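Reader: Got a minute to go through a model with me? I'd like to start with the strands and then move to the rings.
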Amino acid sequence: MALNIFVVGAIYQDVILHVDEFPEEDSKTRAKRQGGNTLDVLSQLRPLHPHPMHLAMVASLAGTDPTSTSPSTATDVTRDLAARNISLSHSVFHGCSVRQPTAWIISTPATRTILNENSLPDLTAAAFGASALPAIRMALERGERVWVHFEGRSVAEIRGMVAALGDLRSAGNAGDAGRLTVSVEFEKLGRPDLESLLPVADVAFFSKAWVAGNAAHQRDGSEMDASDHACGEYLRSVGKAQCRAGAHLFATWGEHGAFHVQAGQDAVTHLPSPPVHAVDTIGAGDTFVAGVLFGMGCAQQSPVVAGNFATQLASAKCGQNGFGGILPSASKAYDRAMRTA
């Protein structure tokens, strides 16, 4: 059965500067650069999936559609996505009067410093309803499966988008087997009302910073606790208090791998990371999300098997620079995950 994955969020042109140590002021340092995101990884996983997999980015973008009659005014980042057969037909293009959002990342073996600039407006619920929702409805009516993944930003607009998806479910278009899945990323602390999206997610992804910060807040502002125990306790607590029953919660935990809890349950499953010499950890979180989307959505494996695959895949990504050529590592990781099923 075909799977349609819609990723709703922002696309940045990453300028990643890999240096041995943080540069001194007024110094000159040679650096290397590359970037990527969840859809980059998913596009490379296509050969592992025997059925059609449609990938679409739904975002506010600078320039024009690279597949339009005037592709010369497209940006480099949208040309790259189109070249990977990632659909941009549901995105909103704002022309050449605005710049593509850019992130400058100074990466050393020990630290990561990010400066970003974004003058684009966030995608609105109205734009989502006009561009992406009809395609989602048609896919469901064809009997296909749909996974809509939201980056955790612009909470008020996401609420409107999820409400529209809820209307599809209420109308019976998602089918008895639950062919429509909604996932949300909870990554950055300080985004107003982001936790209000917890009840709408079938699958939730938490960063280590999010878990540690919110676990500390639950303990009346005591010091952040990044222990494995704190992670499990937070997932159990938030799963019972704020998430929909049966939702699947994943927390990435650096070199310790990740953890999984099903909302409403007490069991915490550790998804260990294999030993790896970390070369480049930028994008490991995006790679983990891609692994879960592929494992649960494409391969229709259990959340634990999918989580094991995602952890193996993210570890493999940390062992190389950038995202290119990740398929051989992905294939081996998938085989290892399947052996644990």
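Reader: So which residues sit on one side of E8 and which on the other, and are they buried or exposed?

Author: Arg145, Trp147 and His149 are on one side, Val146, Val148 and Phe150 on the other, and all are buried. Buried means under 20% relative accessible area, exposed over 50% and partly exposed in between, with a 1.4 Å probe and protein chains only. Strands (E, at least two residues) and helices (H or I, at least four) are DSSP runs, numbered from the N terminus.

Reader: Before we go on, what kind of model is this?

Author: A predicted one: local features need pLDDT of at least 70 and side-chain atom pairs count only at pLDDT 80 or more, while totals for chains, interfaces and linings use all residues. Residues are numbered from 1 along each chain as its sequence is written, and side-chain values use heavy atoms, leaving out hydrogens and water.

Reader: OK, back to E8. Which strands pair with it?

Author: E1 (residues 3-8) runs parallel to E8 and is joined to it by six bridges. E9 (residues 180-186) is also parallel to E8, with five bridges. Two strands pair if DSSP finds at least two bridges between them.

Reader: Which residue in E8 partners Leu3, and what stands opposite Phe150?

Author: Leu3 has Arg145 as its bridge partner, and Phe150 faces Val184 in E9.

Reader: Switching to rings. How many aromatic pairs are there?

Author: Nine. Phe186 and Trp210 make a tilted one, 5.7 Å centre to centre with 50 degrees between the planes. Rings of Phe, Tyr and Trp (its six-membered ring) pair if their centres lie within 6.5 Å; planes under 30 degrees apart are stacked, over 60 edge-to-face, and the rest tilted.

Reader: Where along the chain are those two?

Author: Phe186 is in strand E9 and Trp210 in helix H6 (residues 208-218), 24 residues apart. Both are buried, and they form one aromatic cluster with Phe206 and Tyr234.

Reader: Any charge sitting over a ring? Which residues?

Author: Lys208 has its charged end over the Trp253 ring, 5.2 Å from the centre. The cut-offs are NZ of Lys or CZ of Arg within 6 Å of the ring centre and within 35 degrees of the ring normal.

Reader: Last one: how many disulfides?

Author: Zero, where a disulfide is a pair of cysteine sulfur atoms within 2.5 Å.

Reader: And Cys243 and Cys298, buried or exposed?

Author: Cys243 counts as buried because its relative accessibility is 11%. Cys298 is buried too, at 5%.
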